[in-house]
Amino acid sequence: MCTVTCLASINIAVIKYWGKRDEVLILPVNDSISATLDTDHLHAKTTVMTSSTFKEDRIWLNGKEEDIKNPRLQNCLTQIRKRARNSNQWKVHICSENNFPTAAGLASSAAGYACLVVALAKLYQIEDDITSLARSGSGSACRSVMGGFVKWCMGSESNGADSIAKQIVPASHWPEMRILILVVNDTKKKISSSIGMKRTIETSDLMQHRIKHVLPNRVKIIEQAIIEKDFKTFAEHTIKDSNQMHAVCLDAYPPVIYMNDVSHTIINFVHAYNEAVNEVKVAYTFDAGPNATLYLLEENVPEFVGVLDHFFPPGINLEQYRKGLTFKEVINSQELFNKINTTRQAPGSLKYIIYTKVGNGPKYLEDPNDHLLNKEGLPI
Ligand code: DP6
């Protein structure tokens with residue numbers, strides 16, 4: 001019997017992966033760049049276990065047994081077993097849970113597949129690159145296999161051998177970077193990213209412009225900005241890339257729409273704030289949903305959160321509303337509020353906010369008390 005437990009967190013792209021050139025191998029049409037968030041918040045925790053007594057492979061997700069025959073999961077498992085350095089042919093039990101509500105609409109597949117692959121790689125003693133294994137579960141998962149700022153190189157080989165993720169810099173390179181996730185109250189069912197990106201690549205003319213004429217240069221610029229810790233350039237290109245991803249979505253036929261009115265209000269608010277302070281202090285980015293992720297430097301958090309609370313008043317008590325690391329004292333400046341040219345929202349348009357930072361990537365939990373499976377291989 002052998003058991004491994006690990007944690008992996010979500011990543012938030014600043015250059016979006018949007019569009020596949022191979023649907024089965026999950027190969028992208030462009031390079032993408034993201035930061036992997038700290039494992040204290042927004043992580044998946046996964047225990048994998050093999051035993052000679054197990055009769056079949058099984059998986060439990062967030063407390064519920066799921067179908068192990070899911071094609072993406074099978075993709076992952078088959079490839080991992082092919083790459084195994086030991087001859088472990090026993091069946092595997094997998095138990096995984098997120099420490100954040102899936103209902104929040106935050107991408108959980110990236111953390112989930114990264115965590116699964118990192119755990120299984122230890123079980124099967126796989127030592128070379130494992131980012132391509134995570135990629136075969138969910139594209140963006142390959143970037144969560146490492147901490148810090150990470151680039152997924154699209155590669156050119158048809159078998160996907162060179163479509164792997166690489167760390168640009170560790171989290172310690174830019175320790176001042178902070179992330180605020182604004183969870184928007186929303187009930188609408190969204191189009192999955194797989195379907196949205198397929199429709200975009202098949203029907204959007206603007207998409208060709210993005211891939212050929214915008215991204216090659218933007219990837220280089222933002223990579224350099226990260227290395228040089230040039231926040232202004234980083235923020236401007238992060239904002240532009242998010243808006244371009246949503247523009248090509250709107251150019252799809254029928255259009256793919258992820259942002260809602262609150263999302264657009266957040267966009268206007270961030271621009272109005274940056275203009276009022278005469279500096280680009282905050283960048284926003286949106287994935288396949290209405291929630292905003294903001295990148296900003298720690299020194300600007302007290303002022304920005306004061307302004308955010310003024311224009312988006314919390315609808316619940318602050319303890320429930322602010323999740324994550326504790327804030328330093330929030331600054332409330334009426335003079336600054338007056339300078340920001342945007343309207344105040346009704347209380348509760350944001351469900352809650354999560355404050356976090358860039359993290360060091362997946363970690364193994366050695367304490368047997370952390371395992372999610374008992375000695376019989378069943379969820380605890
Ligand atoms: C908007 O990785 O969820 O978050 O490969 O089909 O599983 P699949 O898609 P997924 O797409 C993520 C898209 C995105 C942008 C990004 O993370 O780069």
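Select Arg85 first: in this predicted model its relative accessibility is 55%, so Arg85 counts as exposed. Now add Glu127, which is exposed as well, with a relative accessible area of 64%. Glu127 and Arg85 form a salt bridge, and the closest N and O atoms are 2.6 Å apart. To see what the pair connects, colour by secondary structure. Arg85 sits in the loop between helix H1 (71–83) and strand S9 (91–98), and Glu127 in the loop between helix H2 (109–123) and H3, so the bridge ties together parts that are 42 residues apart in sequence. The structure holds 17 salt bridges, and the tour returns to others below.

**The two domains**

Colour residues 2–170 and 364–370 as domain 1, and residues 177–357 as domain 2. The C-alpha centres of domain 1 and domain 2 lie 26 Å apart. How many residues does the contact take from each domain? Domain 1 gives 29 residues and domain 2 gives 45 residues.

The size of an interface is often given as the accessible area lost when the parts come together. Here domain 1 and domain 2 bury about 3000 Å² between them, with 70% of that area on carbon and sulfur atoms. Select Val14, Lys16 and Trp18 next. These three supply 28% of the area that domain 1 buries against domain 2, more than any other three residues.

**Polar links across the interface**

Keep both domains displayed and turn to the polar pairs. Ten residue pairs are in polar contact across the interface of domain 1 and domain 2. On the side of domain 1 that touches domain 2, at least two residues come from each of strand S2 (11–15), strand S5 (32–36), strand S10 (149–152) and strand S11 (165–169). S2 supplies the largest share of that side, four residues.

The interface of domain 1 and domain 2 also has two salt bridges. Select Glu223 and Lys151: these residues form a salt bridge, the closest N and O atoms being 3.1 Å apart. Is Lys151 buried or exposed? Its relative accessibility is 15%, so Lys151 counts as buried, the limit being under 20%. Glu223 belongs to helix H5 (residues 206–228) and Lys151 to strand S10, so this pair ties together parts that are 72 residues apart in sequence.

**Inside domain 2**

Stay on helix H5 and select Arg210, then add Asp241. The side chains of Arg210 and Asp241 meet in a salt bridge at 2.7 Å, N to O. Arg210 is in helix H5 and Asp241 in helix H6 (residues 231–251), and the two residues are 31 apart along the chain. Arg210 is buried, with a relative accessible area of 0%. Asp241 is also at 0% relative accessibility and counts as buried. Add Arg218 to the selection: salt bridges that share partners join Arg210, Arg218 and Asp241 into one network.

**Ser144 and its surroundings**

Move back to domain 1 and select Ser144, in the loop between helix H3 (131–135) and S10. With 0% relative accessibility, Ser144 counts as buried. What does its side chain reach? The side chain of Ser144 reaches the backbone oxygen of Ser9 at 2.7 Å. Leaving aside neighbours within four places in sequence, show the residues in contact with Ser144: Ser9, Ile10, Asn11, Thr36, Ala110, Ala114 and Pro362.

**The cysteines**

Finish by displaying the cysteine sulfurs. How many disulfides are there? The count comes to zero disulfides. For Cys2, the nearest cysteine sulfur is that of Cys6, 13 Å away, and Cys2 is in no disulfide. Cys2 has 33% relative accessibility and counts as partly exposed.

Select Cys115 last. Its nearest cysteine sulfur is also that of Cys6, at 3.6 Å. Why is Cys115 in no disulfide? A disulfide requires sulfur atoms within 2.5 Å, and the nearest sulfur to that of Cys115 is 3.6 Å away, so the pair does not count. Cys115 is buried, at 0% relative accessibility.

Terms used: Residues numbered from 1 in each chain as written. Predicted model: local features only at pLDDT ≥ 70, side-chain atom pairs only at ≥ 80, totals over all residues. Heavy atoms only, no water. Buried < 20%, exposed > 50% of the residue type's maximum accessible area, 1.4 Å probe, protein only. Domains from an automatic or database assignment. Contact = heavy atoms within 4.5 Å. Buried area = accessible area lost by both parts, 1.4 Å probe. Salt bridge = Lys/Arg side-chain N within 4 Å of Asp/Glu carboxyl O. Polar contact = N/O pair within 3.5 Å; in protein donor to acceptor, adjacent residues only side chain to side chain.
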